[in-house]
Every structure is written in structure tokens, then in C-alpha cells.
Amino acid sequence: MKRKQFSTLILSLMIGLSLNAQWQPIGPAGGLIKCFASGGTNIYAGTFGGGVFLTSNNGVSFTAVNTGLTNTDVLALATNTAGTTVFAGTDGGGVFLSTNSGGSWTAMNNGLTNLMVNALLINGSSIYAGTGSGGVFISTDNGSTWTASNTGLTSMEVLSFAVSGTTIFAGTGNGVFISTNSGSSWTAVNNGMTNHYVKAMAVSGTTIFAGTDGGGVYSSANNGALWTTSNPSTHCTSLAVSGTTIYAGFWGGGASISTNSGGLWTPVNTGLDSYVLSLIINGSTVFAG
């Protein structure tokens, strides 16, 4: 069956994270915009159906960068600090690597036995891939080889990652797991969390945020030992942090902002579509897919 193509725009909030700001559409129209990544002056947008788009001028213009990307259903992106080395996780095509800012891509799937890649994380010299049914895979050689690392995981559906200090967080279809040994083993940390389908994770200072599909946003100030919900809208798809300011995107609920560690959320939806799949903050600009 032919997949329906969507024409979904990126919108930007370009007024210094203000509660009174208005969103502006900036493109591209290349498919559902599932993910973002940024490094240096580069911002990448991964779409479901349209591959990867790149802007180097803070969203003034976007260019498709898909040479060698044989699967254009992009679910996850991660880039190095300079923004020149980029990993793309796809729906069925595994992981692709570009070392020239998206100019060309190469499949990097040696050892990756599940090719639906929902989440990617670069942490030091290690790359983590969260898959649809194979759990977590780790590469320590820039994606050349992958090794499954699932000791302690009770869900092989890994949807999101975050890192705080030496602790790695994995959001799964069965709650949050942490690893304090670079992913060698995982421990469930779900006390206080009544919805365990964790689609997004983020860190602000010492507070960890988990966005769930049905239970809203949870926060923890003790590395996941206890979670508290503030539930601004139930179906959270994405989280983005700038200092102490947290943005949450929702399926059907637009976006909300919190400036007090998730204690209070305020909708910021003027000009914004109500179905937000992805968020990223670059300087004083917020991008929503």
C-alpha cells in the first residue's frame, strides 16, 4: 500500500522564549517532522517520508540532504558538537552516518539486528541506538559495529534517551530505565509513574523530565527514584530544554512552557498547529515540527 505523504511545516518561535510570542511557519514541507538535532550552526530536521533537511541560517532556508539515504523515514537524529557528523535512525533502514554535514550518507548497520531506530544518543565516544523491538545497541567505533546491551531491560521498545552526568536514561514502552555503567546494565526507575510509555526525555539541571503517551509529563529531582506528574496535556511527544525553561510538545495539545521545573505549564500556541511531533531550542529560537 502506498504511504500517504504529509506536508508538515516547521514553525519557529523567534522571540526569546517569550510567553507572548507567536509561532511563524518557516518550512520545509517534506513529510511529518519527527526529530531535530543541532550542532554548530547546523540544524537538522528528520522527516517521515522526506528524509533529512538542513538549515545553517537558523531556519531562514532549508535544503534536503539525502544523497545515499536509502530510507527517508527518519525517526531520530544525533550530531556532534560541531554539527558535521550526523547519525540518522530510520524506520526499517537502520542507522545512517554522514561525516560531511549531510552531504552524503552511508548505512552503518553491522551488528544492528533491529532496523527500526527510534532514538539516538551520542555520549562521549559511544553512540546509543534505541530500537523498536531489539532494545539498546551501542557503538564505540562511530557506528561501524553495534552490540546489543539490554541487561535489566524489560522492554525492548526503546523510544527516547537522555543523559545527566554519568547516568543514561532510556524511555521505553515499559517506563524509564537508567544505566550508571555506560549501558552495560539497566535498572527500572518508575516509582510514581502511572503511565509507562515514555516517548520523550530531557534534563534541566538536576531535574529529569519524561514525556509519556497518555500520562503527560513527569519530573524527577532524584535521578528517577521518584516521579511527579504535572500533566499539562496527556499525549506528550517531545521535550526541549534551555536552562530552566522547558518546552513540551503534544499530539493534539500544541506546546506548553514551564519555567519552574514542571510545576506549572502555560500553553504557547498562537500560530501553532495543535499536533507537535518534535521540538528543539537553538539560542533564543524554538523550532517545532
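Select strand S25 (residues 254-258) together with strand S26 in this predicted model, and you will find the two running antiparallel and joined by two bridges. Within that pairing, put Ser 256 on display and look across to S26, where Pro 267 stands opposite. Now widen the selection to the whole open sheet, which has four strands in the order S23-S24-S25-S26 with antiparallel pairing. At its edges stand S23 and strand S26 (266-267), and because each has a single partner strand, one side of each is left without a neighbour in the sheet.

Before leaving this sheet, follow the chain out of S25 into the loop that leads to S26, and stop at Ser 261. Its phi is near 60°, a positive value in a residue other than glycine. With a relative accessibility of 38%, Ser 261 counts as partly exposed.

Step back next to strand S20 (residues 207-212), which pairs with S21 in the antiparallel sense over five bridges. A useful pair to label here is Gly 211 and, in S21, its bridge partner Val 217. The hairpin made by S20 and S21 has three residues between the strands, and in it Gly 214 takes a positive phi near 125°. If you colour strand S21 (residues 216-220) by accessibility, five of its five residues come out as buried, so the strand is largely enclosed by the rest of the structure.

Keep S21 selected and add strand S22 (residues 228-229), to which S21 is joined by two bridges in an antiparallel arrangement. Ser 219 is the residue to centre on, since its opposite number in S22 is Thr 228. Between S21 and S22 runs a loop that holds Asn 223. This is another place to check the backbone, for the phi of Asn 223 is near 60°, a positive value in a residue other than glycine. The relative accessibility of Asn 223 is 31%, which means that this residue counts as partly exposed.

From here, turn to the largest pocket, whose volume is about 1400 Å³. To find its centre, select Phe 36, Leu 77, Phe 161, Met 201 and Leu 239, which lie nearest to that point among the 46 residues of the lining. The elements that give two or more residues to this lining are strand S3 (32-39), S7, strand S11 (117-123), strand S15 (158-164), strand S19 (198-204), strand S23 (236-242) and strand S27 (279-282). S23, already met as an edge strand, provides the largest share of the lining, with six residues. Colouring the lining by class gives 31 nonpolar, ten polar and five charged residues.

S7, one of the contributors to that lining, leads on to another open sheet, in which four strands follow the order S7-S8-S9-S10 with antiparallel pairing. Strand S7 (74-79) and strand S10 (106-107) are its edge strands, each of them pairing on one side only. In this sheet, select strand S8 (residues 86-90) and strand S9 (residues 95-98), which run antiparallel and are joined by four bridges. Centre on Gly 89 and you will see Val 95 of S9 standing opposite.

Continue along the chain past S10 to Met 116, whose place is in the loop between S10 and S11. Met 116 is partly exposed, with a relative accessible area of 35%. Leaving aside neighbours within four places in sequence, its contacts are Leu 75, Thr 90, Asp 91, Gly 92, Gly 130, Thr 131 and Gly 132. For a distance to draw in the viewer, take the C-alpha atoms of Met 116 and Gly 132, which are 5.2 Å apart in space although the residues are 16 apart in sequence.

The next stop is Ser 126, in strand S12 (residues 126-131). Ser 126 has a relative accessible area of 12%, and because buried means under 20%, it belongs in that class. With neighbours within four places in sequence again set aside, Ser 126 is in contact with Leu 121, Ile 138, Ser 139 and Thr 140.

Finish by colouring the chain by pLDDT, which has a mean of 92, with 93% of the residues reaching 70 or more. Then select residues 1-7, over which the pLDDT is below 50, and note that beyond near neighbours in sequence this stretch has seven contacts in the model.

Technical notes
Residues numbered from 1 in each chain as written. Predicted model: local features only at pLDDT ≥ 70, side-chain atom pairs only at ≥ 80, totals over all residues. Heavy atoms only, no water. Pairing = 2+ DSSP bridges. 1 Å grid on protein atoms, 1.4 Å probe; cavity = no way out; pocket = protein on both sides within 12 Å on 5 of 7 lines; lining within 4 Å. Points joined across faces, edges and corners; volume = space filled by probe spheres on them. Nonpolar A, V, L, I, M, F, W, Y, C, P; charged D, E, K, R; others polar. Buried < 20%, exposed > 50% of the residue type's maximum accessible area, 1.4 Å probe, protein only. Contact = heavy atoms within 4.5 Å. pLDDT = per-residue confidence, 0-100.
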